[in-house]
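Reader: I have this one open in the viewer and would like to go through it with you piece by piece. Could you start with a pair of strands and work outwards from there?

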Amino acid sequence: MKQLTRKSIGEFASKNTGYVTFAAMVVILGVLTGGGSLRLLSWQNLAIAEAVRALAALGVGIIIITKGIDLSLGQVVGLCACVSASLAQTPDYVSSLYPGLNLPVIAPILAGVGVGALFGLLNGFLVAYGKLPPFIATLGTMTIAAGLQLIYTHASTVGSLKNEYKVIAQGFLGPIPNMVIYVAIAVLFLWVLMNHTKIGKRIYAIGGNPTAARVSGISVKFETMKVYLMAGVLYGIAGVLLSSRLGLANALTGDNMELDAIAAATVGGVSHSGGVGKVGGIVVGVLTLGLINFGMTYLGVDSYYQLLVKGFIIIAAVYLDMRRAA
Amino acid sequence: MKRLMFVFLAVLLVAGAAFAGGQQDSGMEKVTIGALIRNTDEQFVADYADVLKKLAAEKGVDLKLQDSRGDMALQLDQLNTLLAQGVKYYVVVSNTTEATADIASKINAQGGGAAFSNIQPSVEALKVSPNFYLASSPESVAGQIQAQILDEYFKANPEKLANGDPDAIDAIFIYGQLGHPAQVYRTNAVQQGLKDAGYKLNIVAEDTANWKPDEAQAKMDAWLAAFSGEFDVVIANNDGMALGAVESLLTAGYVDDPNDPSKDVDGDGTVLKVPVLGVDATQVAVKSMDEGKLFATVLQDAVGQATTAFELAYMMATEGSATGKMAWGLSPLSSPIDEAPANDAAVVGQCYLVPFKAVTLDNYKDFMN
Amino acid sequence: MSSENPYILEMQNISKSFPGVKALKDVSFRLKPGTVHALMGENGAGKSTLMKCLFGIYMKENGEIHLNGEPANFKNSREALEHGVSMIHQELNVVPDQTVMENIWLGREFTRRIGPFHLVNHRKMAEETRQLMKQLEMEIEPEGRMGSISISHQQACEIAKAVSYNASVVVMDEPTSSLSDKEVNHLFKIIRSLREQNVAIIYISHKMSEIFQIADEISVMRDGELITTAPASELDEDKLINLMVGRDMSQRFPIVEAVPGESVMQVKNLTSSDPKSFKNVSFDLRRGEILGIGGLVGAQRTELVESIFGLRATVEGTVSIEGQDAGIQTAKDAIHCGMGLITEDRRGAGIFPQLNIIENTSMPSLDRLTNKVGLLDHKTLIQKSTEMNEKFKTKTPTMETKIRSLSGGNQQKVIVARWMMTLPEILIMDEPTRGIDVGAKYEIYCIMAELAAAGKSIIMVSSEMPELIGMSHRIMVLCDGRKTGELEGEERTQENIMRLAARFGHDDFKEEEAS
């Protein structure tokens, strides 16, 4: 057995700063809220609140690992939410987008995920084959998705969703919110993909050195395309779950989510210089920012100051990460 | 390790601030009211929140105010957090009508109640329990009042319809952020209101300026180049954009008398060739009216709405119920009106309608501070 | 300035250690003004650590540094530069989109005052630059864009920049690594002119022939210690190698025992899609053969081998494997045909810096290491990667170490291991020993000899003629994208290679094109 010395604890802490930080925050917040934040209900709330963001952050996280970026995330999630919601409205609702339409619940899910996949393909194509800088390509698709969202919804709210659709995200399995299960599946899938398949290794290789990847027989374009496609599918799922959770979707749904997701992935240790990032890290990044949100709401911190604190934490996390990497 | 320390510090800092604010409140048997506020970036909502804070301070209420910055999902998270802390009674400015039923059910599950302002709750939300109230002047009323003001204007100055299609109101619309509830409801209502008053409406140009004066000014500059002399009126979703348009028209010399741009030659109430309308009755806007530039605006009464909603929540928290009681001197509606949710007889008793006020040349002085 | 002191720079008893390694042990190094002092040693011997201590990039633990008899403890290279100690890095630090003069005077532009504004005085800057160029007998237009002039000219500009700071000590790290012979001669001319102006030069290089051409004194480092300092005239190549590796190395190259067999690859009339690149190149490669490809910089050797490997497009010609047109379009196709490519640019196109040795080794072999479900067979992957690296004696703390923390020679071994894991029949090695130290070079040569003996075929592109002659069965020479000849057996001499490599003067080539 390895002896637990002060040094080995220190080493563990510096190798796993993300996890240690998160654990420390849980403890501190628990003390500050007099145990209120440690109750099951608080954990359920935190998990539900962060689930959609977690899926989005996983998607953009693997893109960042390839040294890309995706600004279209928020608008695509919003568009997927709108499309999915529009096919899940109660048939007798007068302001329904398709009055009288009554499809099985699988239809809106597939439609939402499908729209996400299409945008993923479009982004991937523009970046990999069109050779556009990812920032610009996804800035374009972001604007397109925002426009489509307005056109599709006629700028009004798609509401009155069926109960069997809402229960997808709002339901519980015992004490565990359904949302947690979906995220767990996505995390497991991506963890296996990134660590135990050649696709994952190739994603890291492309991010680390695309030229060397090409020499090693990796078709960089095709693999890059796959990454954006996977991210698109994740956004699609996120959109479906978001509309199911809110029981509605409109043109504002998903706005600015790209910033939260990119911040979470970054805080979770995904490097914007490519080739570095762990699935577990992204999850911890989402939870860390989520816990800060949750804690500040719980403690009644003014919303304006919440933004300040979040901003500082993002900058500090990245700064220290870069110094550690240097 | 340093990152660790930083986050420790950040959290301690936040907690310290929170304790400093929250400590003297805790331990007492105090009334707690949660306030879920849509987005304080907007003037009306910001004023509304300020009134709530003032009222809470007066009554010694622990007000837990949360700004969702326009994010429906965040608003839901904030509600969950407050519910988990045991907060039962709420004042809600929701992000969208369609979410109000869910909000009401969640609060009701904890045996609480809420008053909705600004964005109307749905009929279903009010039907959740008698402890849910409407304390609002719906956004659409702002649009309706704009239509009424214009109706009076064109009745008094029929020659002003001559631009473009002489049989129609040729209008330029400047919208807020597309899809934003205030944009949607205000726009639909003013357009419908003009049609209902018997006018043919011809939209010469329309676009969003995202609530911003500078964007509105740039849009107006472009339209002036394209449609000079072809429009009768400029209608904006808020005062900021209306003032941007006014600025553009002044700069371009689109006034009654280019030699003396401060002279209202035709006596229609504005020095500009066409009237420009906004919503909000901000101080800058009222001052512009005083100078004869902006033609009219609409006051959505933040004090009235906030006070009504707050008093309803306070009565529920202290007396167990507010059913049938007066709030801000208003009685609940006794019979249904045209507009949801107060059109449903089952919930009219839960509806407190705070009047909107047209701010025109006749009365603008009352709104100057 | 103390006139009795014969040394411009003295570094005394310098020590520095890193976790687990004593990088410098009591090193004393003295530099006389107006001399070229070669600093030699294998990679990891401590040369760059010593220089980093001089420039304040590392904090020395012990010892003293004196410049002109004054204590000198620079905090960073900028401070060193201001005191007349300058370094020309192997990778040049130029701003390609600015002009030559802007690069030279970066951060201390001449200005003139117009009203409240201090504006850059371009005319004065150009004038000063021209003066500087004249002093160094360089012909570079001050207002040309840095990125549009050749690497050797860029390097000359860096030297000019050092001179403009009145440098008394200039450190040059592998200055000839990307220069052609002609450019090297020009560089030497500049160095000699600096020496005449009493500037002292520390010259770090692995290239023996250059050292003896240019150096006045030679210091040799090994394992963090300074072994000896001696006048260049007292040493020769073999002595120097012995000092550097600390063992007798009468043989610089192992004996290649393999005897070439039947033809395995046939290249016919291969022509690049880039009209400025290679044309109509044909050759055969035999089993167990090491085929050298020689030529000057710009002969299009790298372009040729990368095209064979599917990384660049061709418009004409075929690459056949055992008589069949292989139809290679991408690197993936080439790997399927049993080829491997060790690229010239190890950092840019070889290693995955943030990945560990296992991942770096196994990357092209992942297809074979994936089971039916699509999951990687980690056990085999780790085992095979480890075996390969052990076989090639990669020196690393663990197999999980990130490759970027290894020395150049060890990185190269990982890359050789990478390609051997794909079980190739044909291995293309582009400048396989560039930038790696003598000991590691010998090990790479041994690996090549072993591979050939095992029946693998190797194409080696190299700019070092002794390497071509020492290792190849046959040498193909290119000049300006044309094959100018093949040399076998006794024909493989430096003179013959040079003759073929310079077959076309640039102008001759143009005329032939026109006719």
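Author: This is a predicted model, and a convenient place to begin is strand 1 (residues 32-37) of chain B, which pairs with strand 2 of chain B in the parallel sense over six bridges. Within that pairing, B:Thr32 stands opposite B:Asp62 in strand 2 of chain B.

Reader: And how many of the residues of strand 2 of chain B are buried?

Author: Five of the six residues in strand 2 (residues 62-67) of chain B are buried, so this strand is largely enclosed by the rest of the structure. Taking chain B as a whole, buried residues make up 59% of its 369 residues.

Reader: OK, zooming out, how many helices and strands are there in chain B?

Author: Chain B has eleven helices and twelve strands. Its radius of gyration is 23 Å, close to the 21 Å that the globule rule gives for 369 residues, so chain B is as compact as a globular protein of that length. The C-alpha trace of chain B spans about 70 × 60 × 35 Å along its principal axes, and among contacts in chain B with a separation of 6 or more, 68% are accounted for by residues 24 or more positions apart.

Reader: Which domain does UniProt list for chain B?

Author: An unreviewed UniProt entry lists "domain: Periplasmic binding protein" for residues 35-318 of chain B. Over those residues the chain is 46% helix and 17% strand, with the end C-alpha atoms 17 Å apart.

Reader: Switching to the assembly, which chains share the most contacts?

Author: Two pairs of chains touch, and the most contacts are between chains A and B. No contact joins chain B and chain C, and their closest C-alpha atoms lie 19 Å apart.

Reader: Then let's look at chain C; what is the order of the strands in its open sheet of four?

Author: The order in chain C is 14-13-16-17, and the pairing is antiparallel. Strand 14 (281-286) and strand 17 (324-325) of chain C are the edge strands, each pairing on one side only. Strand 17 of chain C pairs with strand 16 (residues 314-321) of chain C over two bridges in the antiparallel sense, and C:Asp325 in strand 17 is the bridge partner of C:Ser320.

Reader: Which helix lies across strand 13 of chain C?

Author: That is helix 9 (residues 301-308) of chain C, which lies across strand 13 (263-272), strand 14 and strand 16 of chain C and runs at about 115 degrees to strand 13.

Note on methods: Residues numbered from 1 in each chain as written. Chains lettered and ligands numbered in written order. Predicted model: local features only at pLDDT ≥ 70, side-chain atom pairs only at ≥ 80, totals over all residues. Heavy atoms only, no water. Pairing = 2+ DSSP bridges. Contact = heavy atoms within 4.5 Å. Axes fitted to C-alpha atoms, helices over the stretch in contact; angles between N-to-C directions. UniProt positions renumbered as here; feature names shortened; annotations may be inferred. Rg over C-alpha atoms; globule rule 2.2 N^0.38 Å. Buried < 20%, exposed > 50% of the residue type's maximum accessible area, 1.4 Å probe, protein only.
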